[in-house]
Each structure stands twice: as structure tokens, then as C-alpha cells.
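Trainee: I would like to test some labels against their cut-offs. Can we go through them one by one?

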Amino acid sequence: MSRQLNMDTLRQNFWKEEYLKEMMLRYEWQRKYGTLVKAKQKAKAASRLPRKLPTLLPKASVPPPPPASKTTPSKAPSPAPEPLFLSDMYPVAPNTKALLYEGISHDLQGRYQYLNTRKLDLPETRYLFPITTNFTYGWQLGPPTKQELVSCKMCRIESFFRKNGAFALLDPQDLAL
């Protein structure tokens, strides 16, 4: 079944005029607002770029350069000394680092043992500062303390709910006795 085109000269001219009007409207809009849109897109793209966080380096005192005598020829200035470390982490202890070179990960040695040993250290002993915002929740929290269970069942139910007003009135249907 073929498609019937009901196009005569009058209808063709109508569609041609509509198409040209639409193209002129788009052109005018682009000419009027195009630079604003491009500026907004560039600003948005610039805000998406990752930000470079400053690294915390220990302050090392740099001795002042000796006074240059006029008899010695001038030399090119030496490059700035390299900082001690550029890492976000403290250096690894030598005995822990030695685990890397003992055996292979397939035998639960080498890198596998090194990573498991490193994982046991507290984040405060591994990192200079909290890397992510999630680090701040447990940063320098200390060792976990064990709480004894209260033997009274009602006491456990009362201590389960918040004291700030949420669930202040306990519904008897909510209690599993």
C-alpha cells in the first residue's frame, strides 16, 4: 500500500514558507542568545572539573643562601629542593613493607598479606588527614567499647527507640512481646 501525497503547489509553497520561517527564527535566536548559552556552558563545565586539594607538607627550614662574592662567576640558580613526601599517607613501617616481597598473593602472602596487615591499622595512623568526608565520622574515635546487654526485655525495647521525640508514643502493636 503506497502512501498518497496530497501535495499541490499551494501546499508545497506553504510548507516551504513554514520551513524558512522556522530556520530564520532559529537563526535569530542563536544570534541573540548564542553567546550567553556558550558562556553558561563553559562556566558549568569549569565547575565540574575536579578541584586540586592542597597537600600538607611538614615545614622544613631552608637555610639562607650564602652571600655571593663578586669574584666568583654567577651560576644558574639550583632547582628548589624536593619536598620530603607528596603522599596523603604516612610512610609504611619497614617490617610491613617487607611483607610485599615475601611469597605471592595466591598463597595468601605477598601483596595479600600486606594489604590485610595495612587494613588492620587505624586510619589516623595511615593518613595525614581525613581524605573523604566519610573519614571524619570515625576519625580519632578510639577503640570500640563493648556494652553489656540489659537483661530486662522492656529496657531493651525502650533503649531501642530514640529519645528525641520520634516514636515517643509506643503503639502496643509495634511491640513484639
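What follows is a short round of questions on labels and the values behind them.

Mentor: Keep in mind that this is a predicted model. Start with the charged pairs.

Trainee: How many salt bridges are there by this rule?

Mentor: Four. Let us take some of them in turn.

Trainee: What makes Glu-22 and Arg-26 a salt bridge?

Mentor: Their closest N and O atoms are 3.0 Å apart. The cut-off is within 4 Å, so the pair qualifies. Both residues lie in helix H1, four residues apart, about one turn of the helix.

Trainee: Why is Glu-22 called partly exposed, and why is Arg-26 called exposed?

Mentor: Exposed needs over 50% relative accessible area, and buried needs under 20%. Glu-22 has 42%, so it falls in between. Arg-26 has 54%, so it counts as exposed.

Trainee: How do you know that Arg-31 and Glu-28 meet in a salt bridge?

Mentor: The N to O distance is 2.7 Å. That is within 4 Å, so the label holds. This pair also lies in helix H1, with the partners three residues apart, about one turn of the helix. Arg-31 is exposed at 55%. Glu-28 is partly exposed at 34%.

Trainee: Asp-121 and Arg-118 have their closest N and O atoms 3.9 Å apart. Why is this called a salt bridge?

Mentor: The value of 3.9 Å is within the 4 Å limit, so the pair counts.

Trainee: Are its two partners buried or exposed?

Mentor: Arg-118 is at 10%, under the 20% line, so it is buried. Asp-121 is at 31%, so it is partly exposed.

Trainee: Now Glu-124. How do you know that it has no salt bridge?

Mentor: The nearest side chain of opposite charge is Arg-126, 8.3 Å away. A salt bridge needs 4 Å or less, so Glu-124 has none. Glu-124 is buried all the same.

Trainee: Where does Glu-124 sit, and what is it in contact with?

Mentor: Glu-124 is in helix H4, residues 123–126. Leaving aside neighbours within four places in sequence, its contacts are Tyr-90, Gly-138, Trp-139, Gln-140 and Leu-141.

Trainee: Why is Gln-140 called exposed?

Mentor: Its relative accessibility is 61%, which is over 50%, so the label fits. Gln-140 lies in the loop between helix H5 and helix H6. Its C-alpha atom is 8.4 Å from that of Pro-123, 17 residues apart along the chain.

Trainee: On to the rings. How many aromatic pairs does the structure hold?

Mentor: Three. One of them joins Phe-14 and Trp-15.

Trainee: What makes the pair of Phe-14 and Trp-15 edge-to-face?

Mentor: The centres are 5.2 Å apart, within the 6.5 Å limit, so the rings pair. The planes are 70° apart, over 60, so the pair is edge-to-face. Tyr-127 and Phe-135 also form an edge-to-face pair, at 5.2 Å and 70°. Tyr-127 is buried at 17%, whereas Phe-135 is partly exposed at 25%.

Trainee: Which residues form the nonpolar patch on the surface?

Mentor: Leu-5, Met-7, Phe-14 and Trp-15, with about 460 Å² of accessible area together.

Trainee: How do you know that Phe-14, Trp-15 and Leu-5 are open enough for a patch?

Mentor: Patch members need over 30% relative accessible area. Phe-14 has 43%, so it passes. Trp-15 has 49%, so it passes too. Leu-5, in the segment before helix H1, has 64% and is exposed.

How values were computed
Residues are numbered from 1 along each chain as its sequence is written. This is a predicted model: local features need pLDDT of at least 70, side-chain atom pairs count only at pLDDT 80 or more; totals for chains, interfaces and linings use all residues. Side-chain values use heavy atoms; hydrogens and water are left out. Helices (H or I, at least four residues) and strands (E, at least two) are DSSP runs, numbered from the N terminus. Buried means under 20% relative accessible area, exposed over 50%, partly exposed in between (1.4 Å probe, protein chains only). Lys and Arg count as positive and Asp and Glu as negative; His and the chain ends are not counted. Contact means heavy atoms within 4.5 Å. Patches are made of residues with over 30% relative accessible area and no salt bridge: like charges are joined within 9 Å, nonpolar side chains (Val, Leu, Ile, Met, Phe, Trp, Tyr) within 5 Å. Accessible areas come from the Shrake-Rupley method with a 1.4 Å probe; for residues, only the protein chains shown count as cover. Rings of Phe, Tyr and Trp (its six-membered ring) pair if their centres lie within 6.5 Å; planes under 30 degrees apart count as stacked, over 60 as edge-to-face and the rest as tilted.
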